[in-house]
Amino acid sequence: MVGIDIIGTGSYIPEFIADNEKFSNFLDTSDEWITTRTGIKERRIMTDKPNYYMGIKAAEKAIGDAKIDPKSIDLILVSSCSPDFFYPSMSCLVQKAVGADNAACFDVNSACTGFISALDIAQKYLLTNQYNTILIVATERLSNHLDYTDRSMCILFGDAAGAAVVKKSDKPYYSMLGASGDEFKALYCKVDYKANCPFHEDEMPFYNGLFDTESKKRYLQSDGHAVYKFAVNAMNNAVRKVMEMGGYTIDDIDLVIPHQANLRIIAKATDMLGIDNSKVYTNIQRFGNVSSACIPVALDELKREGRLRNGMKVCFVGFGAGLTYGAIIAEI
Ligand code: UT7
């Protein structure tokens, strides 16, 4: 068994606060609707800097917290579904900024499940003994993907970054990742290539309907009900699967750090699992859904508050566009 030690964490939260009141100034919505349907009170928006800036700041803090020389980092994994560039990968920008000259770099995109995927990749790389210190960064600027006239979606998301430095340990670690590509239209944000595409969409039936050039189609599109239903079942099933792998019962789990998409989704899934509310960490009230950054931001808050104890069994669970899902139980 080879598990992980989380030796450092960091996060970056933009300064600009968009509370529910601000949305009711330009949309037919209210603090009451948003709070009762989602649990969100406010979210942060990055107004003046690119996404990679947040990732770099979170990475610098995690490296400082881990008290390591950046040159000892063997691999940088950045999770982002809202990158600033198609290429290079965001991890190369982080590498340059933090001076991790010896690190291999690549990005991971499984949308909101991204931190869980990246952590699981890190654990697999650590197993090889070729990589000993891995920096994982999840940085998301979802405000770039939002149609601020769509009241059902734009109130859900915010911007933030979180990071963690991990090393190998001999503590228990169990994971599962899954996907349901059939449901990709439930949540997507399309690259706007139409301008350069010489073919008619009838010639590419797979893309039928997605090549709509109306400006709104470049923003995040979602069937909220379908995602909601998928999320509750996927989170419940993923946690049950990793508990079974480790021979755990729900009482063995000390802390659950779920993806923060909707407080009702978290409540329903954790209720189905029968886990005590006091063991479930939420910060969606303050940040909204910051996609793959949700879990590392929460991890960093918990670490700074002294709430992570040696030997704790922590469960990370999430879902996202794809649709993807995954869970990890790690003794930290
Ligand atoms: O990381 C994954 C990303 N995606 C998600 O997390 C989405 C998951 N889904 C959800 O969280 C929920 O489905 C939503 C929050 C998106 C919607 O909540 P809901 O309880 O499923 O509401 P609904 O879609 O059934 O809408 C109920 C009503 C509708 O009005 P009518 O048709 O009943 O008259 C909506 O038009 O609420 C209306 N509505 C709003 N009203 C005020 C939708 N958005 C708003 C709003 N303010 N912001």
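Residue E301 is found in helix α10, and it offers a convenient point of entry into this predicted model. With a relative accessibility of 8%, E301 counts as buried, because buried residues are those under 20%. The side chain of E301 is joined to that of N283 by a polar contact of 3.1 Å. If neighbours within four places in sequence are left aside, the residues in contact with E301 are Y281, N283, R286 and F287. N283 therefore appears both in this list of contacts and as the partner in the polar contact, while the burial of E301 follows from its 8% relative accessibility.

From this residue the reader may turn to the sheet on which its helix lies. The sheet is open and has 4 strands, in the order β8-β13-β12-β11, with mixed pairing. Its edge strands are β8, residues 173-179, and β11, residues 255-258, each of which pairs on one side only. On average, and with direction ignored, neighbouring strands of this sheet are turned by 10° against each other. Within the sheet, strand β12 (residues 313-320) and strand β13 (residues 324-331) run antiparallel and are joined by 8 bridges. One position in this pairing can be followed by eye: G320 stands opposite T324 in β13. Helix α10, comprising residues 294-304, packs on the sheet and touches β11 and β12. The direction of α10 makes about 140° with that of β11. Helix α7 also meets these strands: it lies across β8, β11, β12 and β13, and runs at about 35° to β13.

The edge strand β8 contains L177. This residue is described as partly exposed, because its relative accessible area is 42%, which falls between the limits of 20% and 50%. Apart from neighbours within four places in sequence, L177 is in contact with I116, S117, D120, Y325 and G326. A separation along the chain may also be set beside a separation in space. L177 and G318 are 141 residues apart along the chain, and their C-alpha atoms are separated by 9.7 Å.

Helix α7 leads onward to a second helix. Two packed helices are described by the angle between their axes and the distance between the axes. For helix α7 (residues 224-246) and helix α8 (residues 263-273), the angle is about 40° and the axes are 9 Å apart. The crossing of α7 and α8 is right-handed. On the side of α7, the residues that take part are Y228, A231, V232, N233, M235, N236, V239 and R240. These meet R264, I265, K268, A269, M272 and L273 in α8. By chemical character, the residues of this contact divide into 9 nonpolar, 2 polar and 3 charged.

Which residues does A269 touch, when residues up to four places away in sequence are not counted? A269, whose place is in helix α8, touches V232 and M235. Both of these partners are listed among the α7 residues that meet α8. A269 counts as buried because its relative accessibility is 1%. The C-alpha atoms of A269 and A330 are separated by 20 Å, and the two residues lie 61 places apart along the chain.

Another part of the structure is centred on strand β6, which comprises residues 133-141. Why is β6 described as largely enclosed by the rest of the structure? The reason is that 9 of its 9 residues are buried. T133, L135, V137, T139 and R141 point one way from the strand, whereas I134, I136, A138 and E140 point the other way, and all are buried. Strand β6 has pairing partners in β4 and β7. With β4, residues 75-79, the pairing is in the parallel sense over 5 bridges, and V137 in β6 is the bridge partner of V78. With β7, residues 159-169, the pairing is in the antiparallel sense over 9 bridges, and V165 in β7 is the bridge partner of L135.

The final residue to consider lies outside the helices and strands discussed above. T29 has its place in the loop between α1 (20-26) and α2 (31-38). Is this loop residue buried or exposed? T29 is buried, because its relative accessible area of 17% is under 20%. Leaving aside neighbours within four places in sequence, T29 is in contact with F23, S24 and I34.

Note on methods
Residues numbered from 1 in each chain as written. Predicted model: local features only at pLDDT ≥ 70, side-chain atom pairs only at ≥ 80, totals over all residues. Heavy atoms only, no water. Axes fitted to C-alpha atoms, helices over the stretch in contact; angles between N-to-C directions. Helix = DSSP H or I, 4+ residues; strand = E, 2+ residues; numbered from the N terminus. Left-handed = near helix turned anticlockwise from the far one by under 90°. Contact = heavy atoms within 4.5 Å. Nonpolar A, V, L, I, M, F, W, Y, C, P; charged D, E, K, R; others polar. Pairing = 2+ DSSP bridges. Buried < 20%, exposed > 50% of the residue type's maximum accessible area, 1.4 Å probe, protein only. Polar contact = N/O pair within 3.5 Å; in protein donor to acceptor, adjacent residues only side chain to side chain.
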